[in-house]
Amino acid sequence: MNLPPDPTATSEKTAAPRAHSAADRASVEERILAPLNEAQRRAVTTTEGPLLVLAGAGSGKTRVITHRIAWLIQHEGVAPWNILAVTFTNKAAAEMRDRLTEMIGDAARDVAMGTFHSLCARMLRRDGEAIGLPTGFNIYDADDQARVIKGFLKEDDLPATGETKPSLILGAISRAKNEGLSAEQMEDRAITHHEHLIARFAKRYAAEMRRLDALDFDDLLLEGLRLLREAPAVADRYRAKWHYLHVDEYQDTNRIQYGWVRELAMGRGNLCVVGDDDQSIYSWRGADIRNILDFERDWPTATIVPLEQNYRSTQTILDAAHGVVSNNEGRKAKKLWTERSGGHTIPVFGAFDQEDEAAWIVRRIEELTSARPGKAQEEAPTPHALSEIAILYRTNAQSRAIEEALLRAVVPYQLIGGTRFYQRREVKDALAWLRVLRNDADRISFERIINVPPRGIGEKTIELLRAADAARAEDGAGASYGSIVASAGTGELQGLSPRARTALAGVAAIVERLRSRLALVDLPELLDAVYSETGLRAHLAAEGVEGEERWANLLELRGIAGRFLELEPLDALDRFLEETALVADQDALEVDVDRVTLITLHAAKGLEWPAVFISGLTEGLFPHSRALEDREQMEEERRLCYVGITRAKARLYLSYALRRSWGAGDGAPSRFLEEIPEELLESANEDDPRTGEAAAFGRGARGFAAARGGIGGGGAWREGSGDVGAPDGSFRPSRDLEARRRAYGAGARSGSLHVPDADGIDELPDDEDGDLDAVRPVGRVPAWLANRFKGARESTQSDAPDTRTAQALPASGVRRVIVPGERTFRDGDRVRHARFGEGIVVTSRLTRSDEEVTIAFAGVGVKTLAASMAQLEVIG
DNA sequence: CACCTAGTACTTTTT
DNA sequence: GTACTAGGTG
C-alpha cells in the first residue's frame with residue numbers, strides 16, 4: 001500500500017512543479033477551470049486571503065477543493081507540501097487525494113491531508129513534549145473512557161446507572177471541554193448538586209487520564225490547540241509549512257477546531273473553508289454553527305462565494321429538500337437549482353410496523369434492480385446496481401428490521417456503523433495488548449487484557465493491583481501500572497493468592513518478552529507474537545465456531561497491520577494504533593462492491609446514491625423524541641432530513657411505520673412529510689378501498705392526521721383496509737442475526753475490513769449446529785396475524801394440531817404457526833426432524849414470538865430449534 | 001475465580 | 001432488544 005507521507009513532517013523538499021511558459025499556463029487554466037461553472041472558478045482562483053465557500057448540497061464542493069489545490073500547485077506554483085486540507089473523514093481525504101492524483105500526478109502525494117483528530121494526534125506525537133505532554137500517549141475511545149469513569153464509580157460505591165451513568169458523565173465532560181472549559185472552571189461555575197458532581201468527576205478524570213498517559217478524542221483537539229498557542233516555536237514551524245489551508249465540512253467544526261485552524265492561518269491568512277449551514281448536523285458534539293454564520297465577522301476581508309447550482313439531484317428532490325429545510329429560521333437564505341428539471345415523484349409508504357416497512361423497501365429494491373418488461377420505456381429504466389441504492393435511518397437500531405428483510409430476500413448489503421470492526425471484543429483485546437506494549441502506564445488496557453485469555457486473574461486481584469497503584473499515586477511515586485503488575489508477580493504485593501501471583505508473573509513475563517521484540521519485528525509479526533505468546537490463538541481455537549469467527553477477525557487485523565510495513569517498527573505501531581483509534585464509520589464504506597448500503601443519516605453526509613430510501617419517518621424517531629421540545633434541536637433534525645433527501649440523485653423513497661416495536665409506543669407520520677410540497681409525493685399505499693388512495697397518507701384531516709388517529713384507537717384505516725401493506729409473509733425470529741449475517745456473507749459490520757465475497761451469497765451454511773432451520777429464510781406468520789388466526793381457530797373449537805399448520809395462510813414455506821403464549825411441545829414428547837431423525841423434547845421455552853425447543857436426538861446430540869422453522873413432527 | 005441464569009434498566013447521532 | 005448486574009453453582 002502506498003502510505004501518504006506524514007503530513008506533519010517538516011523536512012525540506014525540492015522545488016515545486018510549475019508551469020513556466022505562457023502556453024503551459026494557458027493549458028493549465030484550460031484543464032483545471034474548464035469543467036467548472038462561474039462560481040466554482042471564482043472559488044478556485046481566489047487563492048489569497050480568507051475565503052468562505054457556501055456550498056449547497058451537491059454543488060461540487062469536493063471538486064472545488066480539489067481543483068483549487070491543483071490550481072495552487074500548477075498555476076500558482078505553490079509547493080504541494082505547503083498545502084493542507086482538513087477533511088471530515090479519512091475516506092474523504094483519500095478520495096480527494098485520488099482525484100488530485102488524476103489531475104496532477106504524484107505531486108498529490110505531498111499535499112497534507114487528514115482529519116482534525118489525526119492531524120492533531122500526529123502533531124502531538126511529534127511535538128507534544130513542547131507543552132509537557134508525553135509523546136507515547138494512547139488514544140482512548142468511548143469504551144476506554146467509560147472504563148475510567150466506572151473505576152471512579154466503583155471506588156465511590158456509586159451505581160453506573162441513572163445520573164451517574166458513565167456515558168452521561170462523559171457527555172457532560174465532553175460538552176464542557178468543547179466549550180473550552182477546564183475541570184477547574186467547571187467546578188467554579190457549578191451551581192446545582194449535579195453540576196458539582198460532574199465537575200468533580202471531570203477533575204478526577206483529567207488527573208487520571210494524565211496518569212494513564214492517555215488522550216481522548218476531545219483531548220486530541222484541545223491539546224492540539226494548546227500546542228499551537230503555548231509553543232510558539234512549534235506553531236511557527238507549522239505556519240511556515242502550511243501556507244494554504246482548506247477545511248471541508250466547515251459547518252461541523254467546533255470552537256476548538258476553529259481555534260486550531262485560526263492559529264495556523266494567522267499571518268498569511270490563506271484560509272479556505274467550505275461548508276453549508278443547512279447541513280450542520282453535529283451540534284451535539286460541539287459543532288458550532290456560528291463558525292460558518294460568523295465567518296465574515298471574524299475575517300472582515302473574506303471573500304464569499306456561494307455555490308447554488310446542484311449537479312446531483314433532480315428538481316423534484318431539491319424541491320422536497322427545500323420544502324423541509326426552509327422551515328428553519330436560523331439559516332442563510334438560499335435555494336439550490338439544477339438543470340435536471342422534473343424527476344420521479346417521491347413514493348411515500350405508510351407501513352403497519354417495521355417489518356412491513358422493511359418488506360416494502362425490499363420490494364422496491366427488487367423493482368429497481370430488475371428490468372420490468374411489459375412497462376413503457378420510461379417506466380422501465382435501466383436496472384440499478386445494488387451499489388446504487390442506500391437505505392438511510394435515524395438510529396442504528398433501525399437497521400435490524402431492514403437487515404432481516406434483506407437477508408430473507410437474499411439481497412446483499414453492507415452495514416455502515418453499528419458494531420464496528422475495531423470495537424469487537426477480540427480486536428480490542430489484541431489492540432489493548434499492543435497499547436500495553438507501547439505504554440506501561442496504560443492501566444485501562446492492562447486491565448482489559450490481564451485476564452485475556454482467562455488465566456485466573458479476577459476482580460479481586462485487579463482490585464488489589466488498583467489499590468497498590470492508587471497508593472503509589474498518592475505517594476507521588478511515578479511507578480507505572482505495568483511495574484506494579486510485575487512487582488506483584490515477584491511477590492511484593494500482599495494479599496494475593498499464590499495462584500493469582502503466578503498468573504501475574506506470567507503476564508509480566510509475556511509483556512516483557514513481547515516488548516523486547518517491539519523495535520525489531522514488523523507489525524504483522526508482532527501481532528503473530530501477541531496472538532501466540534498470550535495464548536489468544538490457542539484460546540480461540542478451543543472455542544468452536546465463535547472462536548473461529550474471532551480468529552478470522554484477528555487475522556484480518558494482522559492483514560491491516562501489513563499496510564505499515566514501509567515504516568520503522570515503532571513508527572508503524574504508533575501509526576497503526578492511531579489509525580485504528582480514529583477510523584470513522586464512513587471509512588468502512590466500500591464503493592466497488594455490489595451491495596445495498598445501510599447507513600445512518602449522520603454517516604451518510606457527503607455521500608450520494610442514485611436511489612435513496614429514508615425510513616422511519618415517524619414523530620419521535622425522526623424527528624427524534626429528544627428534539628420535540630427544543631426548537632434548536634428540531635432545526636437540527638430538519639437539517640438532518642435535508643442532508644438525507646439531498647443524498648439522492650434520481651430516486652427518493654420515504655417510509656414510516658405506525659407501530660414501533662419498542663418503547664415510545666406508536667408514532668405519527670413525521671412532520672417532515674408534511675413539509676414536503678404535496679405535489680412531489682405519491683402514495684405507495686394502494687389498497688384503501690374508501691379513498692382510492694393511501695390509507696395512511698394524504699393531507700389534512702383525512703391524511704397524516706387521520707393516520708395518527710387510526711392506530712391504537714381502533715381508527716378507520718386499519719379496519720377499512722384490512723392489513724395495510726400486509727407483510728409478504730416471510731418472517732423469522734430475530735435471534736441469531738449475527739449467525740445469519742455470516743451465513744449470507746451479507747454484512748461485515750465494518751466494511752472494508754471484513755466483507756466476505758459476494759459469491760457466497762447463495763450458499764447455505766453447513767448445518768453442524770443444527771441451526772440451519774433458523775438460518776434459512778423460511779416464512780413465518782407475524783405474531784399479529786397469528787393472533788387473528790388463533791381467534792379463528794378457537795371459534796371452530798378444534799384442537800387438532802393440524803390446524804396449526806399454515807396452509808391457509810399467505811406465507812409460503814410456513815411450518816407451524818406459533819401462537820404467542822402457548823407451548824406446542826412438552827417435555828418428553830417424541831418428535832421427528834427431517835435431518836436429525838427421532839428425538840425427545842428436553843425442554844421448550846417461549847420467546848416473544850416463537851417457541852424454542854430443545855431436543856435430544858439419538859446419535860446427533862442435543863439441539864435447540866425454533867419451532868416455527870424446524871419441520872418437527874410429533875410422533876408419540 | 002469462572003461461568004451461567006435471571007432480572008433490570010434503558011434505548012440518538014460519532015471523531 | 002441488549003447490556004449490565006446480582007446471585008448462584010461448579
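The residues that line the largest cavity of this predicted model divide into five nonpolar, five polar and two charged. That cavity has a volume of about 100 Å³, and of the 12 residues in its lining, the closest to its centre are Q354, E357, Q398, S615 and G616. Helices α16 (354-369) and α17 each supply at least two of the lining residues, with α16 giving the largest share, three residues. In total, four cavities of 30 Å³ or more are counted.

Helix α17 spans residues 399-408 and includes A405, which counts as buried because its relative accessibility is 3%, below the cut-off of 20%. Once its neighbours within four places in sequence are left aside, A405 is in contact with A358, A359 and V362. A405 can also be set beside R363, since the two residues are 42 apart in sequence while their C-alpha atoms lie 9.7 Å apart in space.

The second largest cavity has a volume of about 70 Å³. Its lining is made up of D278, L318, A321, H322, R331, K334, K335, L336, Y642 and T646, and helix α15 (residues 315-325) provides the largest share of them, three residues. By class, this lining divides into four nonpolar, two polar and four charged residues.

Turning to the nucleic acid, DNA strand B is surrounded by 22 residues, of which the closest are K165, R394, N396, N451 and D585. The surface near the strand comprises five nonpolar, 11 polar and six charged residues. Of the strand's atoms within 4 Å of the protein, 61% belong to sugar or phosphate, and the rest belong to bases. Individual polar contacts can be followed on this surface: an N or O atom in the side chain of K165 is 2.8 Å from a phosphate oxygen of DNA strand B, whereas for N396 a polar backbone atom is 2.7 Å from a phosphate oxygen of the strand. R285, by contrast, places a polar side-chain atom 3.5 Å from a sugar or linking oxygen of DNA strand B.

A last element to consider is helix α21 (residues 481-489), which is largely enclosed by the rest of the structure because seven of its nine residues are buried. These buried residues are Y481, G482, I484, V485, S487, A488 and G489, and what covers them includes α19 (443-449), α20 (459-475) and α22 (498-517). Just after α21, G491 takes a positive phi of about 100 degrees.

Terms used. Residues are numbered from 1 along each chain as its sequence is written. Chains are lettered from A and ligands numbered from 1 in the order in which they are written. This is a predicted model: local features need pLDDT of at least 70, side-chain atom pairs count only at pLDDT 80 or more; totals for chains, interfaces and linings use all residues. Side-chain values use heavy atoms; hydrogens and water are left out. Buried means under 20% relative accessible area, exposed over 50%, partly exposed in between (1.4 Å probe, protein chains only). Helices (H or I, at least four residues) and strands (E, at least two) are DSSP runs, numbered from the N terminus. Contact means heavy atoms within 4.5 Å. A residue is near a molecule or strand if one of its heavy atoms lies within 4 Å of it. A polar contact is a pair of N or O atoms within 3.5 Å; within protein, one must be able to donate a hydrogen and the other to accept it, and residues adjacent in sequence count only if both atoms are side-chain atoms. Ala, Val, Leu, Ile, Met, Phe, Trp, Tyr, Cys and Pro count as nonpolar, Asp, Glu, Lys and Arg as charged, and the others, Gly among them, as polar. On a 1 Å grid over the protein atoms alone, a cavity is a set of points where a 1.4 Å probe fits but cannot get out, and a pocket is an open set with protein on both sides within 12 Å along at least five of seven lines; lining residues have an atom within 4 Å of a point. Grid points are joined across faces, edges and corners, and a volume is the space filled by probe spheres set on the points.
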